[in-house]
Every structure is written in C-alpha cells, then in structure tokens.
Amino acid sequence: DKPCRSDSEMRTLHADLLAKQLLGSPQPAIQMVFTPNDGGTTYNYSFDPTVNTNRAEALELSFEPGGEYGKLQLRNNDKAIPNLIGYYIDLGIGANTDSGLRYATYPRLWVKKQHNISGGSKEGPRTLKVLLELEGAFNILREQLCLIGSAPFHNDNFSTLTGKTIYGVLEYMIETILYSTTGSLYAWGLNALGTQDDGIINSLIPEPTKDPENPLINANAPDSYQTFLEVIEYLLKPTGCYLRSKANIDFEVVYPQSSDAVNVTYYSSLADGFPFYEYNDSHFVRKTSAVRVYSDTSVAGDWSSFIQGDAWHDDDWDLSTGTYDGPYMNVTGIIVPDSRGIITSESQADTIANLILNKAQAEVFGARVVTPFDGRIELYDK
C-alpha cells in the first residue's frame, strides 16, 4: 500500500532545507541515481557540493501542464558513462543544510535521448561530455496506448469501466491498466481525491451502461487507438480539475479555485520574506465569454430531445437583458456535446458549463516570476 495525500498542497520540505532556501545563497545539491527497468546496476551522478568529483555540470527542467522535460549535462573525460537510454531517476533538488544534504522530491524522469559531445574553445583542450534528454510521466501517458479488453478492439468489452465515476475511471486506468501496460514494473498511483472534488469528477459516470456500438474508449478501433493521455483529457473535459504528477510516479487531481488559500508569497525585499528578482504579468482578451453544454436525452440517440446548460462571464454580460458588453466580441463555446446522455439535468449541465468557463477564464492572465530556488512550488499552486 502507498500513502496518499487527500489535499492539494505544496511540496513539504525539511525545516533545514526551507531555512537554507530563505538565505538566498544555498549550496545546491541534486540527487540523481539512474536505475534500469530491471532494477539492476544503478549509476549515481548526483551533485554533492561538499566534494570535487561531481560529473553533473548543468541541469535544466521544465514542468508544464501535460509534460515534464529536462536536460542534464555530465562530464565524461574518462568515457565511463554508459548508455543510459531508458533509465529513470527519482529526482531530488535541494541544498547542503545544517543537517546534511536535504532534497525536495520531484516526479520521475526517464532518459529518452543521449548525446555524446566532444568540443571546447578554439585554443583550449577538447573535453568529452554527455547530454541526456529527460521526459516525465505525462510523456509516458502520451506514448502508451490505453488498451482494455480483448483484441483487436481493446474497447473494454468486459465493461470494466462501466458504472465508475470519472475519478474511478482515472484511478483504474492509472493504477491497474497503466501498471499492466508498462510490464508491471512501475507501481503507478493516483492520490485520494480529498478536498479536490469539484462536484462532477466523483459523481458523473461517463458510461452508466455498456453500449457496444458506442464504447467509452477506442471507439474507432481497430483503425486507431487512444493513448492514456487522450482518454484522460476527454474525461477531465467536463470538470474543473487537472491532473498533476507527483514525486516518483504518483498523480493527483487538483481543483484550483479563486477561494483557495495562497500557498506562498514572494517579496521584493529579503527582509520581508522569500524574495523575487523579477516579475511581470500579461493580460489577454477573453475570447470565450459564454459556454454551452448539450446532452442527448433521446431514446434513439438522434438528438430529438436534449438538455442544455449555459454559463456566462459576469463581467461581459448583462444577464437581465441578455446583452453582451465585453472587451472583444462574443465568442460562445459549445463544449462537451454529450451523446451518451450521462448529464441528467439542466442544473448539472449548468455546473459543467461554469467549470469549463472558469478554465477558460484562467487563461486570460499570465505571469512570470524569477526567484531563488524554491523546492516547494508545483503546478497549480497559488
């Protein structure tokens, strides 16, 4: 059994690491042990600031919605670094603290490309280096086909997903199907939902009854099959939730809301708290000012009767007169045409429309902040 967190929160750091971060000039430490799929010979290329035998020279990481990427450069003058393609690392980034090396734990990364480099300055000696390109768990979801049930259709012909809520489908896909698909080598996990329930993700059932003519997954098989990420994006579309990768190979559902408590505040002065070096923000025109949701309720599946849900952005609409007065032009998004009839009431359709509109609203503001290293921060923190 794996411990599960139920609430969305920042990474928890050891008190000594947090204290060292606040000083603004810690000695960086990076934990990088490369492990093969079979669990055999490992290679430790961690960066320890207390020694002078480190191979690691540069590490660049990018964590984005739906993807984690990295580049690691290692010194290789002795040509001792082996072929590491396919190896993984459970990354730790931290510092040398009063109680030794402490780390913030990051999602697992796999080596997808390895470059052997020889070069140097025009007049200086040539040096040998290895550049590793790394990808995370979302990239595994993007490349693995979601195959449930018997060949050649793999469209869950045994009704494994039937009757499960969206969260229940996600949990089964990640912890059972993905586990099996990747050779039962990795114990993938989905953390408990806890407070991140938007009222839809753990109540709406994508497939109440099995319809062999309209399967939930791989409806176009055997001509084409869906990846895990394609299915997950489809499942999360009518919700206000996102999926976030965690340390090692766990995932968790996150439901960001304007009422969420602020996770961390940065200050222009170190004397006031954790500092930032640079900040800028950008505002974009709100193109989607209304969202509409349809759900087919006809017996024949011909849309002769349907449920309609609507949501409008309050700043753009005068709902008493039904007129639009926004900064651009009225763009109504028709989202989630539900041909299965799983949305059973107008109020439920309105809720889904509002959740989707909130996601669109979040995209009209962007910001960039440069700070000293802070291992607490994760995607969707506030």
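Two strands count as paired here if DSSP finds at least two bridges between them. By that rule β4 and β5 (residues 67-75) make an antiparallel pair, held over 8 bridges. The model is a predicted one, and this pair is a handy place to start reading it. Within the pair, E60 has K71 of β5 as its bridge partner. The two strands form a hairpin with 2 residues between them, and G66 there takes a positive phi near 85°.

Stepping back to the whole chain, there are 5 helices and 18 strands. The C-alpha atoms fill a box of roughly 75 × 55 × 45 Å along the principal axes. Of the 382 residues, 39% count as buried. Contacts often reach a long way along the sequence: among those with a separation of 6 or more, 70% link residues 24 or more positions apart.

Next comes the nonpolar interior. The largest nonpolar core has 51 residues, and the members that touch the most others are W188, I201, L243 and F251. At least two residues of this core come from each of α2 (137-143), α3 (166-181), α4 (228-236), β11 (250-254), β13 (288-296), β14 (306-312) and α5 (346-362). Helix α3 supplies the largest share, 8 residues. A second core, separate from this one, holds 23 residues, including L91, I93, A95 and V130.

L243 is worth a closer look. Setting aside residues up to four places away in sequence, L243 touches F138, I174, L190, I232, L236, F251, E252, V253 and Y380. L243 also turns up in the lining of the largest cavity, together with E64, P65, G66, E68, F138, R244, S245, L379 and Y380. G66, the hairpin residue with the positive phi, is thus found again in this list. About 40 Å³ of space lies in this cavity, and the count of cavities of 30 Å³ or more comes to 1. Strand β10 (residues 242-245) gives the most to the lining, with 3 residues.

Strand β10 belongs to an open sheet of 3 strands, in the order β9-β11-β10 and with mixed pairing. β9 (189-190) and β10 are the edge strands, each pairing on one side only. Between β10 and β11, which run antiparallel, there are 4 bridges. One residue pair gives a concrete example: R244 has E252 of β11 as its bridge partner.

Another open sheet is built from 3 strands in the order β14-β13-β17, again with mixed pairing. Here β14 and β17 (331-338) each have a single partner strand and stand at the edges, so one side of each is left without a neighbour in the sheet. From one strand to the next, the twist averages 20°. β13 and β17 are parallel and share 6 bridges. Within this sheet, A290 sits opposite T332 of β17.

Helix α5 lies across β13, β14 and β17, and runs at about 40° to β14. A353 is one of the residues in this helix. A353 has 0% relative accessibility, and because buried means under 20%, A353 counts as buried. Leaving out neighbours within four places in sequence, A353 is in contact with V291, V293, G309, D310 and A311. The C-alpha atom of A353 is also 7.6 Å from that of P238, although the two residues are 115 residues apart along the chain.

Finally, there is the open space. The largest pocket holds about 2100 Å³. Of the 50 residues lining this pocket, I377, E378, L379, Y380 and D381 are the closest to its centre. Two or more lining residues come from each of β1 (28-31), β4 (56-64), β6 (88-97), β7 (100-119), β10, α5 and β18 (365-370). β18 gives the most, with 6 residues. Several names met earlier come back in this last part: β4 and β10 help line the largest pocket, while L379 and Y380, which are among the residues closest to the pocket's centre, also line the largest cavity.

Conventions
Residues numbered from 1 in each chain as written. Predicted model: local features only at pLDDT ≥ 70, side-chain atom pairs only at ≥ 80, totals over all residues. Heavy atoms only, no water. Core = buried A, V, L, I, M, F, W, Y, C linked by side-chain atoms within 4.5 Å. Buried < 20%, exposed > 50% of the residue type's maximum accessible area, 1.4 Å probe, protein only. Contact = heavy atoms within 4.5 Å. Axes fitted to C-alpha atoms, helices over the stretch in contact; angles between N-to-C directions. 1 Å grid on protein atoms, 1.4 Å probe; cavity = no way out; pocket = protein on both sides within 12 Å on 5 of 7 lines; lining within 4 Å. Points joined across faces, edges and corners; volume = space filled by probe spheres on them.
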